[in-house]
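The following exercises are to be worked with the sequence and the three-dimensional model at hand. Each task is followed by a solution in steps.

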Amino acid sequence: MIDLRSDTVTKPSEAMRKAMYDAEVGDDVFKEDPTVNKLEEYAAELLGKEAVLFVPSGVMGNQICLNVLTNPGDEVICERDAHIFNYESGSPAALSGIQLFPIKGKYGVITPEQVEPIIRPSSAYYMPQTKVIEVENTHNRASGAIWPIENIVSLKDLAKKYNLFYHLDGARIWNASVATRVSVKEYASHFDTISCCLSKGLGAPVGSIIAGTKDFIKKAYRVRKGWGGGMRQVGILAAAGLYALQNNTDRLIEDHEKAKFFAERINDNPNLKIDMKAVQTNILLFHPKTISVENGIKKCKEKGLLLSVGKIDLIRAVTHLDVSFDEVKKAADIIDDVFK
Ligand SMILES: Cc1ncc(COP(=O)(O)O)c(C=O)c1O
């Protein structure tokens, strides 16, 4: 099976498993796991932030950040297709008593012109209080599109003007970085808090990191524990994350090349529709014109290709480190066969 459902399906490589096997461990709840400490220090340096916390998942990372930055009754502005709005089980409301104000963007990008009018006046005690603006880069549901740095900066200026926090869901920030050559440190410098996944394109089996000031991480540490995310000899997993950061970031460019090739083949097929402008990193979404999304996915599976549902009417394919260029070529042949 060629599995293009997600970049989360990767399995740890031999070398990563070796790093996990060799990891020195201790009780991380006592802050005594040397490998977790090493990962957090290494990532803080990489992101140019005062401190980092290792967390079990991207969802927990985003939700801890939002929890620390807000109080119940507050509001977070985000794009309508944002992961925090669509795929985090309603946690902003359930875990933090906050609401989201989603607005429609273009390729996942929202502008100060859209955001400024919906910021709540702080004098209006009867309204929710706007506390955070959230950005997702790369943007999952916008086909992995990248936020241009000018847009990141202009929205940051607006956040500062209104004293709002600025949070980055950087689950795939290394994908953005290798594509634009804007460093992850530069991206992170514009945000108060950032959450990054180690278990997507970077290939670790589990884990995310969140970053911010020391004071923010101290509070985040408490929330993680309260939500049951305090882990013990978790250096075994941190070792995989550290290995991923040290070895698997630059190679993401290969995943982008594979995605581009696959997208071009899809674009050549008259029975499929794809927005080539959106294909900027490792995710692609395409519309089957002649059969339903479900049927298309089923037929591809019968021929050895796993795909997933993107949005209504759209099939999703994601390239990653466990799929070779040859397999992507085969996947393109299967697509042509199914959608002929
Ligand atoms: C943009 C984005 N943020 C956050 C997450 C959550 O990560 P996890 O599945 O590790 O909780 C994902 C997962 O796909 C994602 O795509």
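A residue is classed as buried if 20 or more other C-beta atoms lie within 10 Å of its own, as exposed if 12 or fewer do, and as partly exposed in between, with C-beta atoms placed from the backbone. The model treated here is predicted.

**Exercise 1.** Determine the burial class of E254 and place this residue in its helix.

*Solution.* Step 1: E254 belongs to helix α12, which covers residues 252–268. Step 2: the count of other C-beta atoms within 10 Å of E254 is 16. Step 3: the intermediate class applies to counts between the limits of 12 or fewer and 20 or more, so E254 is partly exposed. Step 4: F325 is 71 residues away from E254 in sequence, yet the C-alpha to C-alpha distance of this pair is 8.7 Å.

**Exercise 2.** Classify A43 in the same manner and list its contacts beyond four places in sequence.

*Solution.* Step 1: A43 is part of helix α2, residues 34–47. Step 2: A43 has 24 C-beta neighbours inside 10 Å and therefore counts as buried. Step 3: once neighbours within four places in sequence are set aside, the contacts of A43 are V52, I209, A211 and L245. Step 4: A43 and H320 are separated by 277 residues in sequence and by 22 Å in space, C-alpha to C-alpha.

**Exercise 3.** Describe the surroundings of strand β8 and identify its pairing partners.

*Solution.* Step 1: five of the five residues of β8 (residues 208–212) are buried, so the strand is largely enclosed by the rest of the structure. Step 2: S208, I210 and G212 point one way, whereas I209 and A211 point the other way. Step 3: strand β2 (residues 51–55) is joined to β8 by five bridges in an antiparallel arrangement; within this pairing, V52 has A211 as its bridge partner. Step 4: strand β7 (residues 193–197) is also antiparallel to β8, through four bridges, and S195 is matched with I210.

**Exercise 4.** Establish the strand order of the open sheet that contains β10 and β13.

*Solution.* Step 1: the sheet has four strands in the order β9-β10-β13-β12, with antiparallel pairing. Step 2: β9 (272–274) and β12 (308–309) are the edge strands, each pairing on one side only. Step 3: β10 (residues 283–288) and β13 (residues 315–318) are linked by four bridges. Step 4: L285 stands opposite R316 in β13.

**Exercise 5.** Characterise the ligand shell by residue class and by contributing element.

*Solution.* Step 1: the residues around the ligand are S57, G58, V59, N62, H83, E136, N140, D169, A171, C197, S199 and S208. Step 2: by class, three are nonpolar, seven polar and two charged. Step 3: helix α3 (residues 58–69) supplies the largest share, three residues.

**Exercise 6.** Assess the overall architecture of the chain and its division into domains.

*Solution.* Step 1: the chain contains 14 helices and 13 strands. Its radius of gyration is 20 Å, close to the 20 Å given by the globule rule for 340 residues, so the chain is as compact as a globular protein of that length. Step 2: buried residues amount to 50% of the 340 residues. Step 3: the chain is divided into domain 1 (14–247) and domain 2 (251–338), whose centres over C-alpha atoms are 28 Å apart. Step 4: 16 residues of domain 1 are in contact with 15 residues of domain 2. On the domain 1 side of this contact, seven residues are nonpolar, seven polar and two charged.

How values were computed
Residues numbered from 1 in each chain as written. Predicted model: local features only at pLDDT ≥ 70, side-chain atom pairs only at ≥ 80, totals over all residues. Near = placed C-beta within 6 Å. Helix = DSSP H or I, 4+ residues; strand = E, 2+ residues; numbered from the N terminus. Nonpolar A, V, L, I, M, F, W, Y, C, P; charged D, E, K, R; others polar. Rg over C-alpha atoms; globule rule 2.2 N^0.38 Å. Domains from an automatic or database assignment. Contact = placed C-beta atoms within 7 Å. Pairing = 2+ DSSP bridges.
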